Amino acid sequence: MTSSPQPPHHPTEPMGHTGHEHASHGHETDSSHGSSHGSSHGSSRPASHDHAPGHSHGHGHGHGPAAPVSKHLRKVIAAVLIPFAVAVFVGMAVLWPGGAPDHERTGVGFDRQTQQASVVALAKVDCKSVNASQVPPTGDTSTPEGREAQAAQTGACRKATVEVTSGPDKGRAFFEIVQPGAPRQLEKGQEVVVAYAPDAPRDLQYSVIDVHRKLPMALLAAIFAIAVVVVGRIRGLFALIALVVSFGVLTLFILPAILQGSNPLLVAVIGASAIMLIALYMCHGLTARTSVAVLGTLASLLLIGLLGSLFIDWAFLSGNTDDNTGLIHGLYPEIDMSGLLLAGVIIGSLGVLDDVTVTQTSAVWELHQADPDMGPRALYRAAIRIGRDHIASVVNTLVLAYAGAALPLLLLFSIANSSMGSVANSELVAEEIVRTLVGSIGLVASVPMTTALAALVVSADRPGSVAAVPAQGPARGGRGRRRKR
């Protein structure tokens, strides 16, 4: 028994189902009946889309959401992004470094030979007997150095026996004196990292420089990965894979290419673009929505690069402000340190930019899905209200993240009773200010740019049309009717 005819005013089917529209004819049959009458084909649908009598099925389909953009517009987006992606990966191939260049070890800072070791014994000894204490040259114990020396004279030191557990000298033991006020205290059985100085006297070739903390770090990483997969499921798994790929691009391409002498800005732009393409498409799928987020991210990165280059040059920021950057400049004097600073600004801003652009694009798509009649202006106004909240939270997060990283430095300035102007004028702090403000301007600009682009794209090819709402599961009560939105 067939259902009663329905008026031919249903929304059009999602694209890509031409010739197989089951539920959009004038009337339909129950799932127990296999055909519809030919009179049902007198609807407004073109005759070329009609089925022969007896071909229309009477069951509902749970199709996915209707495609919000046409095939033509997807081709336009692809025409923009495919050449860009090809240029990025060709640039990576041309600049591929093939590993970091070799250099002679200086034995300074991180540029030291290191081995693994273990504390096998620990004994208390008199600090005077091992010459661990020193009297202040002035005899003044009111200074911090004087008080530490006095405590060392009256306190008990500890003598640690350390055994090397890796490298050519595996099994070799040496002694390490730990003073009472030392920030790092050793325990028996503790795994440590030791520095090796081959040119030093034999008794002084090894020294403890750090503790071995790989186990807690690995456990924390595992907890993070499990939490991401449990909450995010397959999307979380792809996010973890994208994270690994991002670190791979950073360690295998960006860092070695800069050390090989390539322009840091060019390397950062190519590397960041590769990370952006891989991460966004892997996490969010190869869709028009993701492509719009990619375009918004790219435009924001270009703005950050231009502003960063302008203000780094204008403020005379050298990028060589601490021991680590000084060591890099000493080992590789051909590296442009100010360009390295700008590269850091671009890469540091990329992660937050991805979040902003994807969120804004998704907001526009969902608003359009909820009300397909909204035009680009209405979509923009609605989505930009969401973006303003996002701007406020993200900018505050970025500033606090940089402030937290520079907290010891800010404490030093506070102890010195330096004025806010003198603190901001120092190059060490000025670098962080430029990094923070340039990145924040790029984040703020990404919201209206991405929102406007998404609003134009999502409504460009559907003038006056209404997107179809997919049927959710089988039709109830034997009727294949769609609920109107």
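These exercises walk through a predicted model, each with a worked solution.

## Exercise 1: The overall build

Find how many helices and strands the protein has, and what share of its residues counts as buried.

**Solution.** Start with the elements. The protein has eleven helices and five strands. Next, take burial. The chain holds 485 residues, and 37% of them count as buried. Last, look at the contacts between residues at least 6 apart in sequence. Of these, 71% join residues at least 24 apart.

## Exercise 2: The largest nonpolar core

Identify the members of the largest nonpolar core that touch the most other members, and the helix that gives the most to this core.

**Solution.** Step one is the membership. The largest nonpolar core has 61 residues. Those touching the most other members are Phe253, Ile254, Val267, Met276, Val294, Val364 and Trp365.

Step two is the source. Two or more residues each come from helix 1 (71-95), helix 3, helix 4 (264-284), helix 5, helix 7, helix 8 and helix 11. Helix 7 gives the most, with eleven residues.

Step three looks beyond this core. A second, separate core has twelve residues, including Ala117, Ala160, Leu186 and Val208. As a general background, nonpolar side chains in soluble globular proteins tend to be buried together.

## Exercise 3: Two residues and their partners

List the contacts of Met276 and Ser273, leaving aside neighbours within four places in sequence.

**Solution.** Take Met276 to begin with. Its partners are Phe84, Val294, Thr297, Leu298, Leu301, Leu350 and Asp354.

Now turn to Ser273, which lies in helix 4. Ser273 is in contact with Phe84 and Val88. Is Ser273 buried or exposed? Its relative accessibility is 4%, so Ser273 counts as buried. One further distance helps to place it. Ser273 and Leu350 are 77 residues apart along the chain, and their C-alpha atoms are separated by 9.0 Å.

## Exercise 4: A buried serine in a strand

Locate Ser118 and name the residues that Ser118 touches.

**Solution.** Ser118 sits in strand 1, which covers residues 113-126. Its relative accessible area is 11%, so Ser118 is buried. Residues up to four places away in sequence are not counted. On that basis, Ser118 touches Thr161, Val162, Glu163, Thr165, Gly189, Gln190, Glu191 and Val192.

## Exercise 5: Along helix 5 and past its end

Follow helix 5 from its length to the loop after it, and state what is unusual about the phi of Phe316.

**Solution.** Helix 5 covers 288-314. It has 27 residues and reaches 39 Å from first C-alpha to last. That is close to the 39 Å expected at 1.5 Å a residue.

Within helix 5 lies Leu303. Leu303 has a relative accessible area of 27%, so it is partly exposed. Leaving aside neighbours within four places in sequence, Leu303 is in contact with Ile441, Gly442 and Ala445. Leu303 and Ile441 are 138 residues apart in sequence, but 8.6 Å apart in space, C-alpha to C-alpha.

Move on to the loop between helix 5 and helix 6, where Ala315 is found. Ala315 is partly exposed, at 42% relative accessible area. Ala315 and Ala430 are 115 residues apart in sequence and 8.3 Å apart in space, C-alpha to C-alpha.

Phe316 lies in this loop too. Most residues other than glycine have a negative phi. Phe316 is not a glycine, yet its phi is positive, about 55 degrees. At 72% relative accessibility, Phe316 is exposed.

Arg233 makes a second case. Arg233 is not a glycine either, and its phi is positive, about 55 degrees. Arg233 has its place in helix 3. At 65% relative accessibility, Arg233 counts as exposed.

## Exercise 6: The largest pocket

Describe the space in the largest pocket and the residues that line it.

**Solution.** Begin with the space: about 860 Å³ lies in the largest pocket. Its lining has 32 residues. Thr325, Ile328, Leu340, Gly344 and Arg435 lie nearest the centre.

Then ask which elements take part. Those giving two or more residues to the lining are helix 3 (214-259), helix 6 (323-331), helix 7 (337-370), helix 8 (376-405), helix 9 (407-415) and helix 11 (427-460). The largest share, seven residues, comes from helix 7.

Finish with the character of the lining. It divides into 21 nonpolar, six polar and five charged residues.

Conventions: Residues are numbered from 1 along each chain as its sequence is written. This is a predicted model: local features need pLDDT of at least 70, side-chain atom pairs count only at pLDDT 80 or more; totals for chains, interfaces and linings use all residues. Side-chain values use heavy atoms; hydrogens and water are left out. On a 1 Å grid over the protein atoms alone, a cavity is a set of points where a 1.4 Å probe fits but cannot get out, and a pocket is an open set with protein on both sides within 12 Å along at least five of seven lines; lining residues have an atom within 4 Å of a point. Grid points are joined across faces, edges and corners, and a volume is the space filled by probe spheres set on the points. Helices (H or I, at least four residues) and strands (E, at least two) are DSSP runs, numbered from the N terminus. Ala, Val, Leu, Ile, Met, Phe, Trp, Tyr, Cys and Pro count as nonpolar, Asp, Glu, Lys and Arg as charged, and the others, Gly among them, as polar. Buried means under 20% relative accessible area, exposed over 50%, partly exposed in between (1.4 Å probe, protein chains only). The expected span of a helix is 1.5 Å times one less than its number of residues. A nonpolar core is a set of buried Ala, Val, Leu, Ile, Met, Phe, Trp, Tyr and Cys residues joined through side-chain atoms within 4.5 Å. Contact means heavy atoms within 4.5 Å.
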